[in-house]
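Subject: Handing over the structure

Hi,

Here is the structure I promised to pass on to you. Have a look at it first, and then read on for what I found.

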Amino acid sequence: MTNSAVINENMSFRLPQPIMLWMEPSASCNLDCPGCPTAAGRGGGVMHLEDFIHVIDQTPWLRFLNLWHRGEPLVAPDFPDMVAEASRRGIWTQTYTNGLLLSKNNLAERRRKHR
Ligand code: SF4
């Protein structure tokens with residue numbers, strides 16, 4: 001019997017649930033930067049609020065949520081609602097954006113909507 005077999009036979013512990021999750025609100029982008037796989041056609045759809053809620057309903061232990069991957073998250077129309085829903089559940093969120101869809105009017109509108 002190898003050492004790894006002994007270890008596998010004695011593994012009776014349960015791994016803890018992950019408290020951090022990565023979700024991609026948008027697989028497309030509003031820019032077309034050279035060399036970017038998203039700009040080169042990887043781009044796809046956006047996540048909708050119902051799908052977002054479906055996922056976080058199944059992860060009640062979640063504490064941190066990263067809302068980006070390769071697309072531009074602010075392209076997703078439901079992005080502000082996702083952040084608001086996560087916040088309502090006590091989940092910290094962070095994102096990464098090219099910032100072009102941010103404007104004072106846009107932010108003011110989103111703030112008003114979520115008060
Ligand atoms: S995802 Fe980033 S690098 Fe790619 S096209 Fe958009 S802004 Fe440019």
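Strand β2 has two faces: a covered one with Leu65 and Leu67, and an uncovered one with Phe64 and Asn66. That fits a general rule, since in a regular strand the side chains alternate between the two faces of the sheet. Before I go further, please keep in mind that this is a predicted model.

What does β2 pair with? The sheet is an open one of 3 strands, in the order β1-β2-β3, and the pairing is parallel. The edges are taken by β1 (20–23) and β3 (92–94), and each has a single partner strand, so one side of each has no neighbour in the sheet. From one strand to the next, the twist averages 20 degrees.

On the β1 side, 4 bridges join β1 to β2. Leucine 21 sits opposite leucine 65 in β2, and tryptophan 22 is opposite asparagine 66 in β2. On the other side, β2 and β3 are paired over 3 bridges. There, asparagine 66 stands opposite glutamine 94 in β3. If you want a place to start in the sheet, try Asn66: tryptophan 22 faces it from one strand, and glutamine 94 faces it from β3.

Stepping back to the overall layout, the protein has 5 helices and 3 strands. Along the sequence they come in the pattern α-β-α-α-β-α-β-α. There are 115 residues, and 15% of them are buried. Of the contacts with a separation of 6 or more, 75% are between residues 24 or more positions apart.

Now the core. Which residues make up the largest nonpolar core? There are 12 in all: Cys29, Met47, Phe52, Leu65, Leu67, Leu74, Val75, Ala76, Phe79, Met82, Val83 and Ala86. Both β2 (64–67) and α4 (79–88) supply at least two residues of this core, and α4 gives the most, with 4 residues. The two β2 residues on the covered face, Leu65 and Leu67, are both in that list. As a general point, nonpolar side chains in soluble globular proteins tend to be buried together.

A few members of the core are worth a visit. Methionine 82 is in helix α4, and it counts as buried because 24 C-beta neighbours lie inside 10 Å. Leaving aside neighbours within four places in sequence, methionine 82 is in contact with Pro25, Leu49, Phe52 and Leu67. The C-alpha atoms of methionine 82 and aspartate 51 are separated by 10.0 Å, although the two are 31 residues apart along the chain.

Valine 75 is in the loop between β2 and α4. Why is valine 75 buried? Because it has 20 other C-beta atoms within 10 Å, and 20 or more is what the cut-off asks for. Beyond its neighbours within four places in sequence, valine 75 is in contact with Ser26, Ser28, Cys29, Asn30 and Val46. Valine 75 and leucine 100 are 25 residues apart in sequence, with a C-alpha to C-alpha distance of 10.0 Å.

Leucine 74 is another core residue. With neighbours within four places in sequence left out, leucine 74 is in contact with Phe79, Thr97 and Leu101.

For a contrast within helix α4, look at serine 87, which is also found there. Is serine 87 buried or partly exposed? It counts as partly exposed, because it has 13 C-beta neighbours inside 10 Å. The C-alpha atoms of serine 87 and leucine 65 are 10.0 Å apart, with their positions 22 residues apart along the chain.

Last, the ligand. Which residues surround the ligand? They are Cys29, Leu31, Asp32, Cys33, Cys36, Thr38, Ala39, Glu72 and Asn98. This shell divides into 5 nonpolar, 2 polar and 2 charged residues. Cys29 is worth a second look: it belongs to the shell around the ligand, it is part of the largest nonpolar core, and it is in contact with valine 75.

Over to you now, and enjoy the browsing.

Cheers

How values were computed: Residues are numbered from 1 along each chain as its sequence is written. This is a predicted model: local features need pLDDT of at least 70, side-chain atom pairs count only at pLDDT 80 or more; totals for chains, interfaces and linings use all residues. A residue is near a molecule or strand if its C-beta atom, placed from the backbone, lies within 6 Å of it. Ala, Val, Leu, Ile, Met, Phe, Trp, Tyr, Cys and Pro count as nonpolar, Asp, Glu, Lys and Arg as charged, and the others, Gly among them, as polar. A nonpolar core is a set of buried Ala, Val, Leu, Ile, Met, Phe, Trp, Tyr and Cys residues joined through C-beta atoms within 7 Å. Two residues are in contact if their C-beta atoms, placed from the backbone, lie within 7 Å. Two strands pair if DSSP finds at least two bridges between them. Axes are lines fitted to C-alpha atoms, for helices over the stretch in contact, and angles run from 0 to 180 degrees between N-to-C directions.
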